[in-house]
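Hi! Here is the structure I promised to pass on. Have a look at it first, and then read my notes below.

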2 protein chains.
Amino acid sequence: MAATKPKRIAGDERRELIALAAGRLFAANGYAGTRMEDVAAAAHVTKPMVYRHFDSKKDLYLALLARHEDDLPSFFEGVDVSEADRSADSLVRVILEVWLDYVRANAHAWAMLFRDNSGDEEIQAFRLRVSRTAREVMAAFIAQRAGSRMPPEQVEPTAELLTSGLAGLAMWWIDRPEVPKPVVVDVAARMSAPAVG
Amino acid sequence: MAATKPKRIAGDERRELIALAAGRLFAANGYAGTRMEDVAAAAHVTKPMVYRHFDSKKDLYLALLARHEDDLPSFFEGVDVSEADRSADSLVRVILEVWLDYVRANAHAWAMLFRDNSGDEEIQAFRLRVSRTAREVMAAFIAQRAGSRMPPEQVEPTAELLTSGLAGLAMWWIDRPEVPKPVVVDVAARMSAPAVG
DNA sequence: TCTCGTTGTTACCGGCGAGTAACATAGCAC
DNA sequence: GTGCTATGTTACTCGCCGGTAACAACGAGA
């Protein structure tokens, strides 16, 4: 739409443009919620061009996931490992900083790898609402218990970390019936302590 | 297939059987990965029966989500709030116990509300692999830093809680560009401390 | 026993979207 | 200029699956 005349572009370059567009769409709308025609349109091409570069929709999606997976370890390279002069706490903070930079710079990749995505807008909205409620309940609890010891602007992100972490821990436990409950309680209690201890 | 003769059952009862079967399938295979015909078969009925009780596939899915959402607060009722004689830490542990009981008893509901589910088996497998790798890396880090202070069987669940929590925190931050990075670093560092401090 | 509403089935429609065949042309090699 | 290949398009096919019409029979109540 920028150019009325379809511009001819080298294959490898076009492939990158398609991958880029597809990454955005998949991250935003999920696998089922993204149509190949949309991908093509977003890359300013038509469907057969997409299929010239990727065998199938799943192939395209998995290719993107694989690429992002390969990129992941690269963020470690940013960590300055001259930790001799660093306190333990300081090292962790450096790692977290680099990690957050990576996340910001690769939001699409992060979303594809870790964000939930049913593909349906209404369902998405419902789950967002549930998550928000859980976060609010948790935030209220944290504010009540950690109150004065935590800056207000840190309450919500702390609540998000805890609810997400506990939800993940729950799934982990569901998949491992052999793990005794006290173990999980101990873990959850210890990790919750900085927020609600 | 148990009975060769199709058994006649009261409407409300049938509706519950369909909801139950659908819950299992949706939790296991996700929204896109579940066909209405499968739901019907799992409830030992045919498709039109499902549509007699639920207007559409989405209606069925949302009805289940809504039901589970309504059930959620019920687990709080199990908490003995006579906290006067309880230490702060003990109260948190009681809450966690009750919560875990709820999770075990309602695994399908929990999975529908919080588990990611693309619907495609291969994609699912890929994401599981990425999560497992992340958990392993984190577990190694925790073992190295918290080493002697943590029982070995608690390392993996702790790693799972942290990776899930940080992934969630990252998504939260991506959606809120206005939040300054130091806030997120502070939160992540404080909450990580019990594991890697 | 006859009726009628409820429970159930078989056998279909229709559309959406993944994937493709066949054709068009830009532009480099010579 | 004259091919020849890589890049691009139009215009389809086709299967899957959500949803439905039409019909069958059970069994409670008269």
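**How the two copies meet**

Every interface residue of chain B, 100% of them, is also an interface residue in chain A, so the copies meet through the same surface. This is a predicted model, where local features need pLDDT of at least 70 and side-chain atom pairs count only at pLDDT 80 or more, while totals for chains, interfaces and linings use all residues. Residues are numbered from 1 along each chain as its sequence is written, and chains are lettered from A and ligands numbered from 1 in the order in which they are written.

A turn of 180° with a shift of 0.0 Å along the axis lays chain B on chain A with an RMSD of 0.1 Å (a least-squares fit on C-alpha atoms of residues with pLDDT of at least 70 in both). That is the relation of a two-fold axis. In chain B, Gly165(B) has the C-alpha nearest the axis, 1.8 Å from it.

**One helix up close**

Now for α4(A), residues 57-71 (helices are DSSP runs of H or I with at least four residues, numbered from the N terminus). Which of its residues are buried? They are Leu60(A), Tyr61(A), Leu64(A) and Leu65(A); buried means 20 or more other C-beta atoms within 10 Å of a residue's own, exposed means 12 or fewer, partly exposed is in between, and C-beta atoms are placed from the backbone. Seen down the helix axis, these buried residues fall within an arc of 130° (taken from the directions from the axis to the C-beta atoms), so they line one face of α4(A). The face turned away carries the exposed Asp59(A), Ala66(A) and Asp70(A).

Definitions and conventions: Two residues are in contact if their C-beta atoms, placed from the backbone, lie within 7 Å. Helices (H or I, at least four residues) and strands (E, at least two) are DSSP runs, numbered from the N terminus. The expected span of a helix is 1.5 Å times one less than its number of residues.
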